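User: Could you take a close look at one part of this model for me, the surroundings of the first ligand? I'd like to see how that spot is built and how it fits with the rest of the chain.

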Amino acid sequence: MHFTTPLKSNSTKIMLIGSGELGKEVVIEASRLGIETVAVDSYPQAPAHLVANRSYVINMKNKEELLEVIRLEKPTFILPEVEALSIEALIEAEKEGFCVIPNADAVKKTMNRKNIREFAAEQLGLKTSGYVFVKTLEALQEATKILGIPCVVKPVMSSSGHGQSVIRSEADIQKAWEIAKEARGDASELIVEAFVPFDYEITLLTVRNGKETVFCEPIGHIQENGDYVLSWQPVPMKPEVLAKAQMMAKAVTDGLGGRGLFGVEFFVKDDEVYFSELSPRPHDTGMVTMITQSQSEFALHVRAVLGLPLDFTFYGSGASGAFKSMNEEHVPTLTIPESAFSKNSFVRIFGKPVSHVGRRMAVALVLDEVEAAKKRAKEIVASMVG
Ligand SMILES: Nc1ncnc2c1ncn2[C@@H]1O[C@H](COP(=O)(O)OP(=O)(O)OP(=O)(O)O)[C@@H](O)[C@H]1O
Ligand SMILES: NCC(=O)N[C@@H]1O[C@H](COP(=O)([O-])[O-])[C@@H](O)[C@H]1O
Ligand SMILES: [Mg+2]
């Protein structure tokens, strides 16, 4: 395999569509292999902009704007990093011969909950929660009767819990409708899911390099308001339950095709495994791999894109805690006790240019026995101010 140097006529070039904290780590890992990096987002000084060779600020949902930067830069690989982008631009780029990771159709399927749910449940026959799609308040009311209460309402296009809520009594139906409508993304249609009273939920990082499929140790996580706050690895699972999850992850990623790392989300109740959703790219809960694995999920994503071997060492159990801002600041400052930087812990600061209440600004990482690591990650996050 030949490796090139950035900024040369023959450079291998990766373009990130979306440049948040996850893209920043992908850019760093790509740079380590001599790849030229271009970071695109809708606002300036996004985390990946800070480390890429070049950066662009465009409306990523605008087909022409997105196609223009693609045609201008002619990247070897296009890596979508967010869901809020023009899928038409990616489809067109693929037609023009560009390589979209994992492929434009997989991005299209996964960016819309309706597409991926129908694909997984109806085409592949994977077990999922019950679900109904609705477009009106009346249909939502009807859906609660079909699925029962509690149930979960989400815009078909949204992430990180935006627009998502749980209907716990009939009185919540109207509120859930309004929360979903106010969310970003395409809230014209909602998915209503039967509430799965799971024992635990996992992200199974699944990596395809065109030759083999490799799984990372399962990642456990806790979500608050649909957004992750704590993740840890590994989750002790019965071998047959883990095997079932791996089989389902293989089926859905084989179905989507292409190369790259996928974050496949499951709920586990007793010995039953429910497919929930997946990201065709590194997953926020997978940030824990920055401390637990010799090759993080970001490094594995880049290796998979290039078709390189996917071998790595699992150093041992660990945890990650998301730090969310407490303020609205144009000059964000984080106060972190020095004790957070120890022989088995550290904090990665994303460098977002503006803080908002609840915006994820940093992640605390701890390598230790799972329970100790979770406790310490929570302590570090609780000790941070900003
Ligand atoms: N049907 C369900 N039953 C029980 N809990 C659910 C259900 N759907 C979602 N949840 C809870 O809400 C969380 C977020 O849901 P989901 O993963 O669908 O949303 P998301 O906005 O795409 O999140 P992200 O982008 O962070 O992955 C889940 O991880 C789970 O904790
Ligand atoms: N669950 C998806 C996820 O974690 N995505 C990550 O968050 C960024 C957006 O952050 P912002 O909303 O703070 O700009 C995205 O760019 C991506 O890195
Ligand atoms: Mg999710």
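Analyst: Here is a walk through that site, followed by its wider setting.

Keep in mind that this is a predicted model. Let's start with the chain as a whole. The domain assignment splits it into domain 1 (13-100), domain 2 (130-194) and domain 3 (200-383). Ligand 1 lies between domain 2 and domain 3, because both of them give residues to its shell. The centres of domain 2 and domain 3, taken over C-alpha atoms, are 27 Å apart.

Now the shell itself. There are 20 residues around ligand 1, and the ones that come nearest are Ser159, Glu193, Val196, Gln223 and Gly226. Strand 7 (151-155), strand 13 (227-233) and strand 15 (272-279) are the elements that give two or more residues each. Sorted by class, you get 9 polar, 7 charged and 4 nonpolar residues in that shell.

Strand 7 deserves a slower look. Of its 5 residues, 4 are buried, so the strand is largely enclosed by the rest of the structure. It has strand 9 (residues 190-194) as an antiparallel partner, with 5 bridges between them. In that pairing, Val153 has Val192 of strand 9 as its bridge partner. Strand 7 also runs antiparallel to strand 8 (residues 165-167), joined by 3 bridges. There, Val152 is matched with Val166 of strand 8.

Strand 15 brings in something from the records. An unreviewed UniProt entry carries a "binding site" annotation that covers Glu265 and Glu277. Glu277 is found in strand 15, while Glu265 sits in strand 14 (residues 260-269). How enclosed are these two, buried or partly exposed? Glu265 counts as buried because it has 20 C-beta neighbours inside 10 Å. Glu277, with 18 other C-beta atoms within 10 Å, comes out as partly exposed. Leaving out residues up to four places away in sequence, Glu265 touches Glu201, Thr203, Ser276, Glu277 and Leu278. On the same basis, the contacts of Glu277 are Arg113, Ile116 and Glu265. The two annotated glutamates therefore touch one another, because Glu265 is in the contact list of Glu277 and that record names both.

For context, here's the other ligand. Ligand 2 lies between domain 1 (13-100) and domain 3 (200-383), since both give residues to its shell. It is surrounded by 13 residues, the closest being Gly18, Gly20, Leu22, Ser160 and Asp284. Helix 1 (residues 21-31) supplies the largest share of that shell, 3 residues. By class, the shell around ligand 2 has 6 charged, 5 polar and 2 nonpolar residues. So domain 3 gives residues to the shell around ligand 1 and also to the shell around ligand 2.

One last piece of the setting is a parallel sheet. Its 5 strands form an open sheet in the order 3-2-1-4-5. Strand 3 (54-57) and strand 5 (99-100) are at the edges with a single partner strand each, so one side of each has no neighbour in the sheet. Strand 2 (residues 36-41) runs parallel to strand 3, and 4 bridges join them. Within that pair, Val38 stands opposite Arg54 of strand 3.

How values were computed. Residues are numbered from 1 along each chain as its sequence is written. Chains are lettered from A and ligands numbered from 1 in the order in which they are written. This is a predicted model: local features need pLDDT of at least 70, side-chain atom pairs count only at pLDDT 80 or more; totals for chains, interfaces and linings use all residues. A residue is near a molecule or strand if its C-beta atom, placed from the backbone, lies within 6 Å of it. Ala, Val, Leu, Ile, Met, Phe, Trp, Tyr, Cys and Pro count as nonpolar, Asp, Glu, Lys and Arg as charged, and the others, Gly among them, as polar. Domain bounds come from an automatic or database domain assignment. A residue is buried if 20 or more other C-beta atoms lie within 10 Å of its own, exposed if 12 or fewer, and partly exposed in between; C-beta atoms are placed from the backbone. Two strands pair if DSSP finds at least two bridges between them. UniProt positions are given in the numbering used here, feature names are shortened, and annotations may be inferred rather than shown by experiment. Two residues are in contact if their C-beta atoms, placed from the backbone, lie within 7 Å.
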